[in-house]
2 protein chains.
Amino acid sequence: MEGKKYHHGDLKNALVEAGLEILEESGLPGLSLRAIATRVGVSHTAPKNHFGSLRGLMTAIGTEGFRRHSAFMREGLTEAATRADRLDAAMSGYVRFAEAHPHLFELMFSPLYCDLRDETLGAAARDSYAVLSEISEGLDWPGAEGPDRQRRTEMMLWSLVHGYAQLAKAGQFVGGDDGRPAHSILSVMPRFGYGG
Amino acid sequence: MEGKKYHHGDLKNALVEAGLEILEESGLPGLSLRAIATRVGVSHTAPKNHFGSLRGLMTAIGTEGFRRHSAFMREGLTEAATRADRLDAAMSGYVRFAEAHPHLFELMFSPLYCDLRDETLGAAARDSYAVLSEISEGLDWPGAEGPDRQRRTEMMLWSLVHGYAQLAKAGQFVGGDDGRPAHSILSVMPRFGYGG
DNA sequence: CTCACATATTTCCAGTGTAAATATTTTGCT
DNA sequence: AGCAAAATATTTACACTGGAAATATGTGAG
């Protein structure tokens, strides 16, 4: 089914890859149907057969984004000794991804570009969320007690790290003369412990 | 200088207001130079004299957005008795604004639409940040000790509330069958105290 | 009254996404 | 094998976008 003997062969994947490249080079404004198609060498209406619309193609790009995002989060996870180290590694990975691929990060979380209810994208996003969920287990923080503790812990960590990534990307945390934030996510994240 | 006796009279303000209306009705994709101009009753190139480009007009819209944003944050502030109540009020206001005006909120924080280095916008944004800054003073949280404590406390609270608002807006926190989040910002915000 | 200037319009252009009709290739069936 | 059907890609056309340039109109100072 995923053959390689059509006109182009593997247009579907080629379009996603071309889109990712353009995103790195020119950002979201450069990510046009015509630019993507031209890069692959097909007409600008060719993507319609595979993705329906630009939004569909962007959703596929976002899906690949979530896969890489989850890879970033898991990166330092294996060599982390303690649970606290694992937490730090996952959170750092989250931010590192946003800093390394700001435009892709923007695309992934914006309903303007991505269909967040898409099943394939949802699966990739849940895989990313799974890391955050595992990290959240048993975390102690003032206010944690109460209904839906696990879910609220996930929401707390996710909000914190996502907000940091978003604001850092928007340049709201710039410190010195270089464009980088004055403080890392780790120095802004409360040091909670794991109990029970 | 801000007279009312030209062709239109007060085009500059009229354009911003029309833009805000369109934003509420049709969201960011509907916010085109031509749509705004048509609503006011002028040609689509008229805004150029006042704002230079669509980006300039959007920056002005974002500036007005920050003014309203800061008003939301200050809303419940006067009737708050304790410092903890003031913190809750400000954070709730932040999120209420994002929920009430999601498209404007998106525009305000995205470099794609707003020139965040604009001086007027910067002033309005700083006024909003001032509330957060005041709320942050003396807040105790594990990890607060160290260099730049005040700034890091602001970053911590801002990241948390901004991330919550962003993710809630993207529908990542939906709980039941209605589209609303399952938990409020207050039930997700660690209960720190004020010491020293 | 006239000149200078600010303001707004008209016209034009290079882009954009998408729909419809057409062309081409691959696949399935007999 | 051959032929029909389906998948894939192109061509063409259209309504829309923001912006540049030239033109028109109104305002205010001398």
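The legends below describe close-up views of a predicted model that holds two protein chains, A and B, and two DNA strands, C and D.

**View 1. The overall build of chain A in the predicted model**.
Chain A has eight helices and two strands, and when these are read along the sequence they follow the pattern α-α-α-α-α-α-α-β-α-β. The C-alpha trace of this chain spans about 60 × 45 × 30 Å along its principal axes.

**View 2. The protein surface near DNA strand C**.
DNA strand C is surrounded by 22 residues, of which the closest are Arg34(A), His44(A), Lys48(A), Ser43(B) and His50(B). Helix α2 (33–40) of chain A and helix α3 (47–51) of chain B each supply at least two residues of this surface, whose residues divide into seven nonpolar, twelve polar and three charged. Among the atoms of DNA strand C that lie within 4 Å of the protein, 62% belong to sugar or phosphate, and the rest belong to bases.

**View 3. Contacts with phosphate oxygens of DNA strand C**.
From chain A, a polar side-chain atom of Ser32(A) lies 3.2 Å from a phosphate oxygen of DNA strand C, while Leu33(A) places a polar backbone atom 2.7 Å from a phosphate oxygen of this strand. From chain B, a polar side-chain atom of His50(B) is found 2.7 Å from a phosphate oxygen of DNA strand C.

**View 4. The protein surface near DNA strand D**.
DNA strand D has 22 residues around it, and the closest are Ser43(A), Leu33(B), Arg34(B), His44(B) and Lys48(B). Here helix α3 (47–51) of chain A and helix α2 (33–40) of chain B each supply at least two residues. By residue class, the surface near DNA strand D divides into seven nonpolar, twelve polar and three charged. Of the atoms of DNA strand D within 4 Å of the protein, 61% are part of sugar or phosphate, and the rest are part of bases.

**View 5. Phosphate and base contacts on DNA strand D**.
A polar side-chain atom of His50(A) lies 2.7 Å from a phosphate oxygen of DNA strand D, and a polar side-chain atom of Ser32(B) lies 3.1 Å from a phosphate oxygen of this strand. His44(B) reaches a base, with an N or O atom in its side chain 2.4 Å from a base oxygen of DNA strand D.

**View 6. The interface of chain B and chain A**.
The contact takes 37 residues from chain B and 37 residues from chain A. Between them the two chains bury about 3300 Å², with 71% of this area on carbon and sulfur atoms. On the chain B side, Met155(B), Ser159(B) and His183(B) lose the most area to chain A, and together they account for 17% of what that side buries. Nine residue pairs are in polar contact between chain B and chain A, counting pairs in which both residues are at pLDDT 80 or more, whereas zero salt bridges are found across this interface.

**View 7. The side of chain B that touches chain A**.
Helices α6 (102–109) and α8 (149–169) of chain B each supply at least two residues of the side that touches chain A. Helix α8(B) gives the most to this side, with twelve residues. The residues of this side of chain B divide into 23 nonpolar, nine polar and five charged.

**View 8. An aromatic pair between helices of chain A**.
Over all chains the structure holds 15 aromatic pairs. One of these is formed by Tyr94(A) and Phe105(A), whose arrangement is edge-to-face, at 6.1 Å centre to centre and with 80 degrees between the planes. Tyr94(A) lies in helix α5 (residues 83–100) and Phe105(A) in helix α6 (residues 102–109) of chain A, so the pair ties together parts that are eleven residues apart in sequence.

**View 9. A salt bridge within helix α4 of chain A**.
The count of salt bridges over all chains comes to 26. In one of them, the side chains of Glu64(A) and Arg68(A) meet at 3.0 Å, N to O. Both residues lie in helix α4 (residues 54–74) of chain A, where they are four residues apart, about one turn of the helix.

**View 10. The surroundings of Ser92(A)**.
Ser92(A) lies in helix α5 of chain A. Leaving aside residues up to four places away in sequence, Ser92(A) touches Ile185(A) and Leu186(A). Ser92(A) and Leu167(A) are 75 residues apart in sequence and 15 Å apart in space, C-alpha to C-alpha.

Key. Residues numbered from 1 in each chain as written. Chains lettered and ligands numbered in written order. Predicted model: local features only at pLDDT ≥ 70, side-chain atom pairs only at ≥ 80, totals over all residues. Heavy atoms only, no water. Near = heavy atom within 4 Å. Polar contact = N/O pair within 3.5 Å; in protein donor to acceptor, adjacent residues only side chain to side chain. Nonpolar A, V, L, I, M, F, W, Y, C, P; charged D, E, K, R; others polar. Contact = heavy atoms within 4.5 Å. Buried area = accessible area lost by both parts, 1.4 Å probe. Salt bridge = Lys/Arg side-chain N within 4 Å of Asp/Glu carboxyl O. Phe/Tyr/Trp six-rings, centres within 6.5 Å; stacked < 30°, edge-to-face > 60°.
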